[in-house]
Amino acid sequence: MASVGDFEKEVSRKVRGLLDYANYNRDVGETSEHSHIKALEQAIQQELLIREDRGVFSLTFCSVSILMWSHYGNQHQGVALGYSIPDTFPEDCRFKLVPMDYGGSRLLRTSIIQKMLSGDINAKNKVDQTAYQAKAEAWKYENEWRILGPAGEQGSPLELEEIVFGHRCPDHVRYAICTVLKTRSRKIEFSEITMPPHGFELIKVPFDPGQLETVFPRRGLDRYDDFSGV
């Protein structure tokens, strides 16, 4: 069995390794003290993530952001999924819905971490707010909310309500998605994003899947059959 002395030696060995690595990878003009602090902060953050085994599901409140469609929607060729969210999660539920704090502090006292590891729920919420809800002010356009819960595949507390097609989403992708969801027990609403020819403001309008049925499914040899009598 390892002794307290063995534990302290192992901690010292890991800390020395971190500091040596920080010295070797120090940025030009960066002080040794700053590089050491940065290395220790990253190590503590990584250890917290391992201990918490926390999962994050990111959502946005806005479906007509041109930047969001450009960055996350495959240059407007993708789709967005619209979910309904319960007003409140059950008290025994392992999930919680939280807004992002743009410009919020990422500083966390070690005393708070110690309380969290001891099971203090208020301290855990404070760690969540610092580690999972703080984001730089520049990301404010995302209007992001997050669901925090256990890591890994989970039963969803959300209900899929809508599919939104990007304004450049190919017709065959639209047709495939509409066909797959056609027999779903709960009805899905379909919408599409449009962009005026002389502006950049995106508009969401209803999309009728029936308009695709005049074109799809398409047989590759149909074009030859159409001209067979010519």
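Contacts in this predicted model often link parts of the chain that are far apart in sequence. Among contacts between residues at least 6 apart in sequence, 72% join residues at least 24 apart. The protein chain has 230 residues, and 26% of them count as buried. Its secondary structure consists of seven helices and nine strands.

## Strand β6 and its partners

A good place to start looking is strand β6, which covers residues 144-150. How many of the seven residues of β6 are buried? Five of them are, so to speak, tucked away, and the strand is mostly covered.

Now look at the strands that pair with β6. Strand β1, residues 54-60, pairs with β6 in the antiparallel sense over seven bridges. Strand β3, residues 96-99, also pairs with β6 in the antiparallel sense, over four bridges. You can find W145 of β6 in both pairings: W145 is the bridge partner of L59, and W145 is also the bridge partner of P99.

## Two residues to follow: R146 and K135

R146 sits in strand β6. Is R146 buried or exposed? R146 counts as buried because its relative accessibility is 14%, under the 20% cut-off. The side chain of R146 reaches the backbone oxygen of Y132 at 2.7 Å. Leaving out residues up to four places away in sequence, R146 touches V56, F57, S58, K96, L97, V98, M100, Y132 and K135.

That list leads us to K135, which lies in strand β5, residues 134-135. The side chain of K135 makes a polar contact with the side chain of E142 at 2.8 Å. With residues up to four places away in sequence again left out, K135 touches M100, D101, Y102, G103, G104, E142, E144 and R146.

## Two asparagines in loops

Next, have a look at the backbone of N74 and N143. N74 has a positive phi although it is not a glycine, and N143 likewise has a positive phi without being a glycine. Here they are next to each other:

| Residue | Phi | Loop | Relative accessibility |
|---|---|---|---|
| N74 | about 55° | between α3 and β2 | 52% |
| N143 | about 50° | between β5 and β6 | 32% |

Why does N74 count as exposed? N74 counts as exposed because its relative accessibility of 52% is over the 50% cut-off. N143 is partly exposed, because its value of 32% falls between the cut-offs of 20% and 50%.

## The largest pocket

Finally, turn to the largest pocket, which has a volume of about 800 Å³. Its lining is made of 26 residues, and the closest to its centre are L59, T60, F61, C62 and L81. You have already met L59 as the bridge partner of W145.

Which elements each supply at least two residues of the lining? They are β1, α3 (66-72), β2 (79-84), β6 and β7 (159-165). Strand β2 gives the most, with five residues. Strand β6 is thus a familiar name here too, because it is one of the elements on that list.

What classes of residue line the largest pocket? The lining has 16 nonpolar, six polar and four charged residues.

Terms used: Residues are numbered from 1 along each chain as its sequence is written. This is a predicted model: local features need pLDDT of at least 70, side-chain atom pairs count only at pLDDT 80 or more; totals for chains, interfaces and linings use all residues. Side-chain values use heavy atoms; hydrogens and water are left out. On a 1 Å grid over the protein atoms alone, a cavity is a set of points where a 1.4 Å probe fits but cannot get out, and a pocket is an open set with protein on both sides within 12 Å along at least five of seven lines; lining residues have an atom within 4 Å of a point. Grid points are joined across faces, edges and corners, and a volume is the space filled by probe spheres set on the points. Ala, Val, Leu, Ile, Met, Phe, Trp, Tyr, Cys and Pro count as nonpolar, Asp, Glu, Lys and Arg as charged, and the others, Gly among them, as polar. Buried means under 20% relative accessible area, exposed over 50%, partly exposed in between (1.4 Å probe, protein chains only). Two strands pair if DSSP finds at least two bridges between them. A polar contact is a pair of N or O atoms within 3.5 Å; within protein, one must be able to donate a hydrogen and the other to accept it, and residues adjacent in sequence count only if both atoms are side-chain atoms. Contact means heavy atoms within 4.5 Å.
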